[in-house]
Amino acid sequence: KTVQRTLLRGRILDFNAAPRDENDTEAYNYLEDGAILISNGQIEATGEFAPLSAYAQDAEVIDHRPNLLMPGFIDTHIHFPQVQVIASWGDQLLDWLNNYTFPEETRFAEQAHAENMASHFYDFLTNHGTTTAVAYCSVHSTSVEAYFEEAARRNMCMIGGKVMMDRNAPDGLLDTPQSSYDDSKALIKKWHGQGRAHYAITPRFAITSTPEQLEMAGALVSEHPECFVQTHLSENHDEIAFTAELYPDAPDYLGVYEHYGLLTPKMLLGHSIHLTEREIDVLASTQAKPVFCPTSNLFLGSGLFDDAGLSARGITNAIATDVGAGTSYSMLQTLNEGYKILQLQNQKLHPLRAFHWITRGNAAALGLEDKIGTLAPGTDADIVVLNANATPEMALRMERAESLSEELFILQILGDDRSVDAVYVAGREMKQTANGAAAPSL
Ligand code: GUN
Ligand code: ZN
């Protein structure tokens, strides 16, 4: 039996390196009349439409012209149990956690709730063009099961893990050092490497873990070097002060995680805003990855991420939504707010660098650039179809756009889920139609 192949036709853009500046045409591949040949959920070839269609005469052609085909977006920090926390008014980090987030997360102990929310969560991701995300689940294994079950059903490359937290939260959200170790271990065994799933060992942050629990997290990290690790770092001044009280012997916030052996190149550190020189040195030497969360940092009033400062030290920064403190599932809106945060520091986020960041850049931060984030042959067929004329306001602005960079910048500033015309996950169309009905039958 022969494999049914699909040929997507349209304008094509992907990156093979981080663009140094707006003139770095070597960093990307752009084809005006291009095509992506998909077979078995993977990209078999990417190139000019004419020769590819001659080569793959059996393939079903799907014509996306004049839209732009790019690798699916990657969100490197998001909270699955916060789908009903997004847009909660008034507080900064610690009050926001206590007043809104922790109460909501207790509900994920219940399997039916977790499953129902997972279904919405994945719809939201793909509708916004995100095909891979790195998520915090809740403290309950049920939430992790729901998260990975739904990812498997949709054949999505998803990273996530059970939050480890054993103090400074309501009873319904607390585990113990031993139970957090045992539960994480069982979840790693069940899910890591299952299909496209990856596990992330997830101590929530220093404030909600006792030293005994961080020691257990360190044991997991050394026993499972194949897994990711994620936590939060230096998001907010009150958080940093409380951490210093709880860990009086640590030289600084990052020193806590360093002490317990959590820092590796597979470590993602959400926020990383208010850092000392020593902490920046440690990030550079361990190659742990700071994660810039623009909409969240503005929403909670947390501060301004120093992208250029960290990059200049050879540190690789990822970028993410951080929903539910983040205010949009859209990586385009994330770039929009990111542009403004960098503007406030006289740093620039050029559209070529921006679109590299949410595709190959984030993939490389995860060490997954050989599987996702580009349109290279042999990688998984996770593809977003972008329409820069999606709204009347965008279409009118596009009349005056004269270059690819201008089109990308219009998407970066004005784009959201309306600019996502279609999304392919491992070669299968996943975007919901405008009236809200699911496009594919799963
Ligand atoms: N720090 C610890 N937990 C969280 C969380 O859920 N969201 C954010 N933004 N910061 C955190
Ligand atoms: Zn977060």
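**Figure 1. Surroundings of ligand 1 in the predicted model.** The residues around ligand 1 are His79, Leu93, Leu97, Thr101, Arg204, Phe205, His232, Glu235, Ser296, Asp322 and Ala325. Helix α2, which covers residues 93–106, supplies the largest share of this shell, with three residues. Sorted by class, the shell around ligand 1 comprises four nonpolar, four polar and three charged residues.

**Figure 2. Division of the chain into two domains.** Domain 1 is formed by residues 6–71 together with 381–429, and domain 2 by residues 73–365. A distance of 29 Å separates the C-alpha centres of domain 1 and domain 2.

**Figure 3. Contact between domain 1 and domain 2.** Domain 1 contributes 28 residues to the contact, and domain 2 contributes 28 residues. On the side of domain 1 that touches domain 2, the elements giving two or more residues are β1 (6–15), β4 (60–71), α15 (404–414) and β15 (420–425). Of these, α15 gives the most, with six residues. This side of domain 1 consists of 16 nonpolar, five polar and seven charged residues.

**Figure 4. The chain as a whole.** The fold contains 15 helices and 16 strands. Along its principal axes, the C-alpha trace spans about 65 × 50 × 40 Å. The radius of gyration is 21 Å, which agrees with the value near 22 Å for a compact globule of 442 residues. Of the 442 residues, 55% count as buried. Among contacts with a separation of 6 or more, 74% join residues 24 or more positions apart.

Conventions: Residues numbered from 1 in each chain as written. Chains lettered and ligands numbered in written order. Predicted model: local features only at pLDDT ≥ 70, side-chain atom pairs only at ≥ 80, totals over all residues. Domains from an automatic or database assignment. Contact = placed C-beta atoms within 7 Å. Helix = DSSP H or I, 4+ residues; strand = E, 2+ residues; numbered from the N terminus. Nonpolar A, V, L, I, M, F, W, Y, C, P; charged D, E, K, R; others polar. Near = placed C-beta within 6 Å. Rg over C-alpha atoms; globule rule 2.2 N^0.38 Å. Buried ≥ 20, exposed ≤ 12 C-beta atoms within 10 Å, placed from the backbone.
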